[in-house]
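Here are a few exercises to work through with the model open beside you. Try each task before reading its solution.

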Amino acid sequence: MDEPVIDLASISAVVFDIDGVVTDTARVHAAAWKHVFDAFLRGRCEPFDIRDDYLRHVDGRPRLDGVRTFLAARGLTVPEGGPDDEPGAHTVHGLGLAKDQLFLAQVDKYGVAAFPATVALLHELRHRGARTAAVSASLHGRRLVTAAGVAHLFDLVVDGGDAALMNLPGKPDPALFLEAVRRLALPAGRAAVVDAALPGVQAAGKGGFGLVVAVTRDGPGDAAALAGHGAHVVVSDLGELGVRGRVLPLRA
């Protein structure tokens, strides 16, 4: 079987989702959500599934949308509340603030690691003239890539702060990815997207990107679903993904 590759004859830029693709923080997000939701759900219904519920209802969405979407899936609603709510209050904002507080505490305590294969791929892409961008629905995307020591490997970062300022919807809407290529002054068809979750793969497919790479770090079980929702290539680690050719400079 041929090695999956990014062919720089047709792809000039690669957009990476941050959590679970660049930084090993998706599990930290999921654990924080489980802690918050399980405390809220106790006595109401079954606990939050750290894998399926996270990937299906929360991953890739703005934090407050994640609260709304997950609770709706359980047939539950809470008041919206506001940004001044006490973390943990039984409101959309209160639950979201509690999750954010827990996540940042873990990041501050343990730091942030970048996946070695992703770092190697970023170096190879940039050596060959490709541009790179990092995208996250999290408000802390820039903080994460900086903490992981890889900010210099990206031409730009688009995160939840940008989404809030520009009123961009989260995945599976392609708005964040499309904003990244807009800033790179490239059409989506000339760019690849790398994501580790179904909503991100769906977003890239909807956005018309030239190549959609899905990463299944927990094994091949979701490969068929990811391929069926827009992934052109599915790998378990980005070390399996090669790069071919060079991006030619634009002619004056």
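**Exercise 1. Decide whether F48 and F70 are buried or exposed, then describe how their rings meet.**

Step 1. Both F48 and F70 are buried, where buried means under 20% relative accessible area, exposed over 50%, and partly exposed in between (1.4 Å probe, protein chains only). The model is a predicted one: local features need pLDDT of at least 70, side-chain atom pairs count only at pLDDT 80 or more, and totals for chains, interfaces and linings use all residues. Residues are numbered from 1 along each chain as its sequence is written, and side-chain values use heavy atoms, with hydrogens and water left out.

Step 2. Rings of Phe, Tyr and Trp (its six-membered ring) pair if their centres lie within 6.5 Å; planes under 30 degrees apart count as stacked, over 60 as edge-to-face and the rest as tilted. By this rule there are six aromatic pairs. One of them is F48 with F70, edge-to-face at 5.0 Å centre to centre and 75° between the planes.

Step 3. This pair links distant parts of the chain, 22 residues apart: F48 belongs to the loop between α1 (26–41) and α2 (52–58), and F70 to helix α3 (residues 63–73). Helices (H or I, at least four residues) and strands (E, at least two) are DSSP runs, numbered from the N terminus.

Step 4. F48 and F70 also join W33 and F37 in one aromatic cluster.

**Exercise 2. Work out which parts of the chain the pair F177 and F209 links.**

Step 1. The two rings are edge-to-face, with 6.1 Å centre to centre and 80° between the planes.

Step 2. F177 sits in helix α8 (residues 175–183) and F209 in the loop between α9 and β6, 32 residues apart.

Step 3. Both F177 and F209 are buried.

**Exercise 3. Place strand β5 among its neighbours.**

Step 1. Five of the five residues in β5 (residues 191–195) are buried. A191, V193 and D195 cover one side, A192 and V194 the other.

Step 2. Strands pair if DSSP finds at least two bridges between them. Four bridges join β5 to the parallel strand β2 (residues 13–17), and F16 has V194 as its bridge partner.

Step 3. Four bridges also join β5 to β6 (residues 211–215), again running parallel; here D195 stands opposite A214.

Step 4. β5, helix α9 (residues 198–206) and β6 make a right-handed β-α-β unit: with the strands pointing away from the viewer, the path from the first strand over the helix to the second runs clockwise.
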